[in-house]
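Load the model, switch to a cartoon view and keep the selection tool at hand. The stops below say what to pick and what is there.

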Amino acid sequence: MITVGAAQMGPIEKEDTRSDAVDRLVALLEDGASRGCELVVFPELALTTFFPRWFTDDVAEMESWFETEMPGPETARLFERAAELGVGFCLGYAELVVLEDGTRHRYNTQILVERDGSVVGKYRKVHIPGHEHDEPGRPFQHAERHYFEPGPEGFDVWDAFGGVVGMAICNDRRWPETYRVMGLKGVELVLIGYNTPLHYDPDPQQNALAGFHNNLVMSSGAYQNGTYVVGVAKGGIEAGIESLAQSAIFAPSGQVVAQCITTGDEVAVARLDLDFCSFYKETVFDFDRYRVPKHYRSISQEKD
Ligand code: CDT
């Protein structure tokens with residue numbers, strides 16, 4: 001059994017400091033702890049505003065949104081408070097890696113921190129959505145492909161919190177392969193942070209369906225792999241742009257077991273029985289018995 005909190009955040013504005021964001025993360029952590037949480041899950045890019053909505057070629061300006069160490073000077077007190085409370089957490093942030101030869105790598109990253117404050121897992125976003133170049137015709141940019149390179153490690157799982165825990169970030173949740181790769185590794189709990197603007201400029205007819213698609217993909221990912229899924233938004237109106245909230249925890253049955261009801265800072269809590277996963281993993285989705293991989297080869301071939 002594990003009690004998990006989906007710690008949704010409302011907007012973080014461009015002027016807000018890392019310290020402002022950490023104040024809110026600590027408050028959410030304490031709220032989760034007071035309600036019995038052993039694990040609190042924060043959104044994608046939880047330390048800053050969703051900066052890919054602004055295009056810039058100025059490397060210093062771009063990298064001002066990134067962390068070079070974790071914990072760092074501003075985030076250390078989050079780790080310390082979590083260890084004091086004995087509550088683990090999952091945190092999304094922008095990660096800058098500078099190698100000895102000077103090569104720079106920028107990733108959209110999420111870490112899993114155990115109840116003693118130690119980092120047990122790191123995931124770097126694989127499916128990077130949006131565009132590479134400035135597109136001034138849009139009402140706002142979604143230049144993730146300018147700011148981030150795809151994580152080279154792919155999807156993994158970690159033995160943590162008494163179960164098998166995996167991570168994914170935002171756009172990853174729309175792709176069935178994300179869940180299936182972790183499903184093949186026995187995942188029981190998938191943690192996903194997201195920032196999803198409600199306006200999708202390439203095809204605005206999808207705007208009204210954002211909440212439906214959010215539920216659709218996480219519910220089916222949970223069910224088809226016999227796993228819990230925790231989806232956590234940074235929602236509300238940030239820099240005048242509205243993003244989806246509706247953070248939720250999904251059971252292996254595909255059902256929603258807890259959901260946020262606001263668009264601001266809020267923790268949705270659920271007590272999860274990870275053994276419940278086996279009802280699905282050992283029956284309809286018994287992979288060893290029923291999968292037919294020879295017919296799936298084309299989905300793992302390199303694209304041209
Ligand atoms: N952050 C992120 O990946 N957002 C995307 C927005 C849609 S694609 C521009 C998402 O999949 O929710």
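In which sense do strand 6 and strand 7 pair, and over how many bridges? This is a predicted model; in it, strand 6 and strand 7 (residues 163–169) pair in the antiparallel sense over four bridges. To see one of the pairs, select Trp158, whose bridge partner in strand 7 is Val165.

**The sheet around strand 7**

Now widen the selection. Strands 6 and 7 belong to an open sheet of six strands, in the order 6-7-8-9-12-13, with mixed pairing. Strand 6 (157–160) and strand 13 (256–259) each have a single partner strand and stand at the edges, so one side of each has no neighbour in the sheet. On average, neighbouring strands of this sheet are turned by 20 degrees against each other, direction ignored.

Add helix 5 (residues 176–184), which packs on this sheet. Helix 5 touches strand 6, strand 7, strand 8 (189–194) and strand 9 (228–233), and its direction makes about 160 degrees with that of strand 7.

Which residues of helix 5 are buried? Select Thr178, Tyr179, Met182 and Gly183. They cover an arc of only 125 degrees around the axis, which puts them on the same side of helix 5. The spacing can be checked against a general rule: an α-helix has 3.6 residues a turn, so residues three or four places apart point the same way. The cover over the buried residues of helix 5 includes strand 6, strand 7, strand 8, helix 6, strand 9 and helix 8 (287–290). After helix 5 comes Gly186, with a positive phi near 85 degrees.

Next, select helix 6 (residues 210–225). Helix 6 lies across strand 8, strand 9, strand 12 (248–250) and strand 13, and runs at about 30 degrees to strand 12.

**His199**

Go to the loop between strand 8 and helix 6, where His199 is placed. Is His199 buried, partly exposed or exposed? Its relative accessible area is 28%, so His199 is partly exposed; buried would need under 20% and exposed over 50%. Show side chains here: those of His199 and Asp201 are joined by a polar contact of 2.7 Å. Not counting residues up to four places away in sequence, His199 touches Pro139, Phe140, Pro204 and Asn207. For a distance to check in the viewer, take Tyr147: the C-alpha atoms of His199 and Tyr147 are 20 Å apart, and the two are 52 residues apart in sequence.

**The sheet with strand 1**

Move to another open sheet of six strands, with the order 5-4-3-2-1-14 and mixed pairing. Its edge strands, strand 5 (119–124) and strand 14, pair on one side only. The twist from one strand to the next averages 30 degrees.

Within this sheet, strand 1 and strand 2 pair in the parallel sense over three bridges. Select Ala6 to find Val41 of strand 2 opposite. Helix 1 packs on the sheet, touching strand 1, strand 2, strand 3 and strand 14, and its direction makes about 35 degrees with that of strand 14. Helix 3 lies across strand 3, strand 4 (104–113) and strand 5, running at about 155 degrees to strand 3.

**Helix 1**

Select residues 18–34. At 1.5 Å a residue, the 17 residues of helix 1 should span 24 Å, and the end C-alpha atoms are 24 Å apart, which agrees.

Then color the buried residues of helix 1: Arg18, Ala21, Val22, Leu25, Val26, Leu28, Leu29 and Gly32. Seen down the axis, they fall within an arc of 165 degrees, so they line one face of helix 1. What do they pack against? Their partners are strand 1 (2–8), strand 2 (39–41), helix 3 (76–85), strand 3 (88–98) and strand 14 (266–272). Helix 1 is followed by Gly36, whose phi is positive, near 90 degrees.

**Glu67**

Keep Arg18 selected and add Glu67, in the loop between helix 2 (59–63) and helix 3. The side chains of Glu67 and Arg18 make a polar contact of 2.6 Å. Glu67 has 11% relative accessibility, so it counts as buried. Leaving aside neighbours within four places in sequence, the residues in contact with Glu67 are Arg18, Leu47, Tyr93, Ala94, Glu95 and Leu96.

Technical notes. Residues are numbered from 1 along each chain as its sequence is written. This is a predicted model: local features need pLDDT of at least 70, side-chain atom pairs count only at pLDDT 80 or more; totals for chains, interfaces and linings use all residues. Side-chain values use heavy atoms; hydrogens and water are left out. Helices (H or I, at least four residues) and strands (E, at least two) are DSSP runs, numbered from the N terminus. The expected span of a helix is 1.5 Å times one less than its number of residues. Buried means under 20% relative accessible area, exposed over 50%, partly exposed in between (1.4 Å probe, protein chains only). The arc is that of the directions from the helix axis to the C-beta atoms. Contact means heavy atoms within 4.5 Å. Two strands pair if DSSP finds at least two bridges between them. Axes are lines fitted to C-alpha atoms, for helices over the stretch in contact, and angles run from 0 to 180 degrees between N-to-C directions. A polar contact is a pair of N or O atoms within 3.5 Å; within protein, one must be able to donate a hydrogen and the other to accept it, and residues adjacent in sequence count only if both atoms are side-chain atoms.
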